[in-house]
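Colleague: Could you walk me through how to read a few local features in a model like this one? I would like the general idea and then the case at hand.

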Amino acid sequence: MQPASLRYICIHGHFYQPPRENPWLEEIEVQDSAYPWHDWNQRIAEECYTPNTHARIFDSQDWLVDIVNNCEHISFDFGPTLLPWLERHAPDTYQAILEADATSRKTRSGHGNALAQAFHHTILPLAATRDKATQILWGIRDFEHRFGRDPEGMWLPETAVDVETLEILVRNGIRFTILAPRQARRFRESARGQWVTVDGARIDPTRPYVCNLSQGRSIALFFYDGPISQAIAFERLLDSGEDFKNRLLAAFSDSRAWDQLVHIATDGESYGHHHRFGEMALAYTISRLYEEPGVQLTNYGEFLEKFPPAAEVEIVERSAWSCAHGVGRWKEDCGCNVGHKPGWDQKWRVSLKRAMDLLRDRVDPIYARLAQDFLKDPWQARDDYVSVLLHKRGNLDSFLQRHQSRPLEENDKVAALKLLELQRNRMMIYTSCGWFFDDILGIETLQILKYAARVLQLAESFDPKLEDDFLNELSNTRSNQRPFLSGDEIFVQKVWPQKVELPKVAAHATILSAFEDLRENSDLYCYRVHIQDSTREKAGDRLLLISRMSLLDTVTMESSSFASALLYLGGADLRCSVKGVAGVDDYAALKNGLVQLFQRQSSTELIRTLDTHFPGAYFALPDLFVEERSRIIHRVTRMMYEEQAGLFEDFYEKNKEFIALIMETGIEIPDTFFAAARFVLNRRLHHELAKLAKAVFPDGLQQILEEARSWRITFDTASAEKLIRSRIIDLLSKLGESPWQETAPEHVLRFLDLCRDLEIAVQLGEAQIVFFRIVKLLQSNGQELPAAFPELARRLKVRINQER
């Protein structure tokens with residue numbers, strides 16, 4: 001047979017991160033496992049999402065010759081739990097993703113590269129019908145809000161599928177989805193043809209198929225090329241862009257009678273996070289494919305318009321791409337895991353699924369019964385609640401006016417919003433990552449247990465036995481890790497203590513204001529703090545802080561007023577008491593009495609009085625939220641550290657010449673001197689690096705590092721590299737604003753010299769990109785390049801012209 005005139009290629013990237021926000025704070029807290037980054041979102045954004053929006057292409061001499069936004073050329077979906085984070089924390093990357101879709105619509109017959117994604121990455125075949133519908137609808141609404149158009153296709157989490165899910169997709173206007181080849185059960189060439197069984201991934205992936213549904217509806221299905229996708233994800237195909245290109249081209253066959261589409265689908269994180277510089281291999285492959293005669297890069301929507309499916313297919317019910325046992329990975333110990341650690345099992349998945357199902361089955365009737373007192377249709381309101389999230393709660397009033405069953409008082413609004421938050425967190429407990437990995441103590445599983453804790457907190461007054469029943473279900477399993485805690489012990493010890501109520505927020509604000517300036521009106525995470533009065537009394541190391549404040553939870557609109565009293569006796573000796581305050585007069589009397597006791601220097605009597613006025617437990621430094629606790633403890637220890645620094649400095653300076661003589665004789669440096677030298681030089685290093693934040697050149701850095709080398713002291717120069725890299729980028733950004741200035745190029749070259757002399761391997765990828773764009777902008781405007789640019793280009797290895 002004659003080959004088709006064109007060979008079509010589509011590369012799909014599924015970009016996703018689970019929700020990581022603390023459900024009481026609506027912010028991602030520091031994740032130690034992501035170190036040196038703050039959290040996994042930040043790490044993967046820097047390794048993958050941002051690099052894919054400006055992927056570098058190098059010539060044979062490893063000089064930069066081009067930059068490509070990969071998203072303009074591949075099909076992609078970005079998760080609704082990831083895009084809001086990118087919008088806030090990586091806005092340039094976020095905008096580049098949206099622009100890539102807009103550009104692709106112009107180049108691909110009006111069809112954008114972006115696909116929608118079900119909202120919380122729930123395994124839809126395991127979800128209740130109502131949850132399936134809400135997750136799909138929320139994903140569509142999120143897509144429309146961000147990309148400004150209706151989605152043609154939707155990525156199903158883990159490609160997990162059943163017929164009911166396909167039915168709901170079609171009812172919501174979705175035309176196609178992408179599945180793994182093993183998810184096809186059988187196909188036939190036409191409605192009258194014979195069915196051919198293709199289980200075991202034997203379906204031909206080079207064309208779309210139609211899956212007929214009820215009531216005359218249908219959906220197009222694309223089954224990606226399994227072996228090539230597998231090679232990208234697990235067989236290091238991205239080590240070579242040339243091999244990647246050749247593997248795609250080799251998938252075409254002259255024996256096929258139809259217009260062929262070779263398409264692959266992998267986690268988008270393969271391109272840069274799972275495989276370092278994978279985004280560069282992808283960019284190179286894209287550029288080389290454009291040079292191939294008879295090859296056209298496309299996306300699924302464009303191909304579907306040109307070549308509607310003729311062959312019919314039936315799916316394997318309740319199947320997924322990442323579980324060989326249907327959807328067992330998200331409900332049982334099916335054998336699928338990541339680490340393959342000897343002696344480990346995943347029996348915990350069974351109890352976790354049962355516990356989460358118990359929450360769902362108990363709180364959904366509560367929601368339906370109670371919400372009808374405030375909302376015309378509780379489930380329709382839940383479906384529309386995504387609009388509140390997308391507008392960052394700025395449309396809360398109009399949302400409530402749309403759905404209220406009667407005019408709502410303020411306390412009614414709070415009750416309605418708490419019920420809606422009950423449902424939002426209840427849906428998040430089914431985020432797929434909670435079951436995907438190997439142990440119940442994994443951060444992903446602990447995260448969904450936090451959402452479960454928030455559900456329990458919101459439901460506790462309506463179902464007092466719910467917590468005990470939930471914990472009883474969790475008690476049936478244990479972690480694989482020492483000390484082999486049971487599920488309920490994990491929840492009680494590691495999750496439940498993170499619960500936040502307004503008194504804890506008041507304590508946090510009070511403790512924070514003892515060490516930092518807290519404005520009269522401040523936002524602490526999702527809480528609005530208004531300091532109505534604050535009195536500070538200090539005597540030596542002792543501090544008394546008495547405050548009156550009002551708090552507003554901007555999520556549920558719950559508010560309350562508190563009085564707080566903090567006594568600080570130095571170091572980590574701190575206690576903060578909080579109670580609701582009845583009125584101004586009561587607070588004034590409390591404040592005056594405490595101040596008088598403090599001024600009499602009677603700490604014992606003061607503490608007794610605090611216990612009388614503030615019965616119950618008090619708060620201490622460990623009760624601060626994680627970020628602020630770390631910051632304040634660091635500040636306290638830094639003060640202690642600096643108090644002793646002078647002693648170490650004197651010891652080091654008085655003895656270093658003598659120790660140098662000892663070294664010349666070959667005698668080992670005494671431990672006491674070595675410890676003092678490390679302390680002193682490390683302190684000087686940090687002081688010198690602090691100059692970078694003030695845009696001052698660290699002149700003393702070289703002397704410090706040379707002195708350290710003389711004592712055979714090695715420093716981790718990662719912090720120095722990061723600061724110098726950031727300073728180079730700042731200078732180049734200023735160069736972009738004024739290309740003919742002389743100062744910025746001189747300082748960049750000086751920093752590069754410093755790194756060379758000190759053997760600091762500075763990462764110049766972002767600097768290359770910034771400089772390359774400056775050069776291209778000048779050249780596109782027909783302007784001559786400034787005199788300093790050729791040397792900068794040489795040092796940064798950026799090709800000013802396109803000669804290879």
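Modeller: Happily; we will go through salt bridges, a lone charge, a helix pair and some backbone features. Keep in mind that this is a predicted model.

Colleague: Let us begin with charges. How many salt bridges does the structure hold?

Modeller: The general idea is that side chains of opposite charge can pair when their charged atoms come close. Here the structure holds 57 salt bridges. Take Glu27 and Arg88 as one of them: their closest N and O atoms are 2.5 Å apart. Glu27 sits in the loop between strand E1 and helix H1, while Arg88 belongs to helix H2, so this pair ties together parts that lie 61 residues apart in sequence.

Colleague: Are the two partners buried or exposed?

Modeller: One of each. Glu27 has a relative accessible area of 16%, which makes it buried because the limit for that label is under 20%. Arg88, with a relative accessible area of 55%, is exposed.

Colleague: Which residue does Arg382 meet in a salt bridge?

Modeller: Its partner is Asp131, at 3.0 Å from N to O. Arg382 is in helix H11 and Asp131 in helix H4, 251 residues apart, and the pair links these distant parts of the chain. Arg382 is buried at 1% relative accessibility, and Asp131 is buried too, with a relative accessible area of 5%.

Colleague: What about salt bridges that join up into something bigger? Which residues are linked in a network?

Modeller: Start from one pair and then look outward. Arg683 and Glu649 form a salt bridge whose closest N and O atoms are 3.1 Å apart. The two residues come from distant parts of the chain, Arg683 from helix H23 (residues 671–693) and Glu649 from helix H22 (residues 626–664), 34 residues apart. Both Arg683 and Glu649 are buried. Looking outward, the network of salt bridges links Glu649, Glu653, Lys656, Arg683, Arg684 and Glu707.

Colleague: And how should I read a charge without a partner? Where is Lys504?

Modeller: For such a residue, look at its place, its burial and its neighbours. Lys504 is in helix H19 (residues 502–515). Lys504 is buried yet has no salt bridge, and the nearest side chain of opposite charge, that of Asp623, is 5.2 Å away. That distance is beyond the cut-off, because a salt bridge needs the nitrogen within 4 Å of a carboxyl oxygen. Apart from residues up to four places away in sequence, Lys504 touches Pro497, Lys499, Phe619, Asp623 and Phe625.

Colleague: Could we compare that with Asp204? What is Asp204 in contact with?

Modeller: Leaving aside neighbours within four places in sequence, Asp204 contacts Tyr209, Arg256 and Trp258. Asp204 lies in the loop between strand E9 and strand E10, and it is partly exposed, with a relative accessible area of 22%. For a sense of scale, the C-alpha atoms of Asp204 and Gln599 are separated by 84 Å, the two residues being 395 apart along the chain.

Colleague: On to helix packing. At what angle do helices H27 and H28 pack?

Modeller: Read the angle, the axis distance and the handedness together. H27 (residues 765–780) and H28 (residues 789–796) pack at about 145°, and their axes are 11 Å apart. The crossing is left-handed. On the H27 side, the contact is made by Ala767, Gln768, Phe771, Ile774, Val775 and Leu778; on the H28 side, by Phe789, Leu792, Ala793 and Leu796. These residues divide into nine nonpolar, one polar and no charged.

Colleague: Last, the backbone. Which residues are joined by a cis peptide bond, and where is phi positive?

Modeller: As background, most residues other than glycine have a negative phi, and most peptide bonds are trans. A cis peptide bond joins Tyr35 and Pro36, with omega about 10°, and Pro36 lies in the loop between E1 and H1. Another cis bond joins Arg482 and Pro483, with omega about 5°; Pro483 is in the loop between helix H17 and helix H18.

As for phi, His121 has a positive value of about 60° although it is not a glycine. His121 lies in the loop between strand E5 and H4 and is buried, with a relative accessible area of 0%. Thr159 also has a positive phi, near 50°. Thr159 is in the loop between strand E6 and helix H5, and at 0% relative accessibility Thr159 counts as buried.

Notes. Residues numbered from 1 in each chain as written. Predicted model: local features only at pLDDT ≥ 70, side-chain atom pairs only at ≥ 80, totals over all residues. Heavy atoms only, no water. Axes fitted to C-alpha atoms, helices over the stretch in contact; angles between N-to-C directions. Helix = DSSP H or I, 4+ residues; strand = E, 2+ residues; numbered from the N terminus. Left-handed = near helix turned anticlockwise from the far one by under 90°. Contact = heavy atoms within 4.5 Å. Nonpolar A, V, L, I, M, F, W, Y, C, P; charged D, E, K, R; others polar. Buried < 20%, exposed > 50% of the residue type's maximum accessible area, 1.4 Å probe, protein only. Lys, Arg positive; Asp, Glu negative; His and termini not counted.
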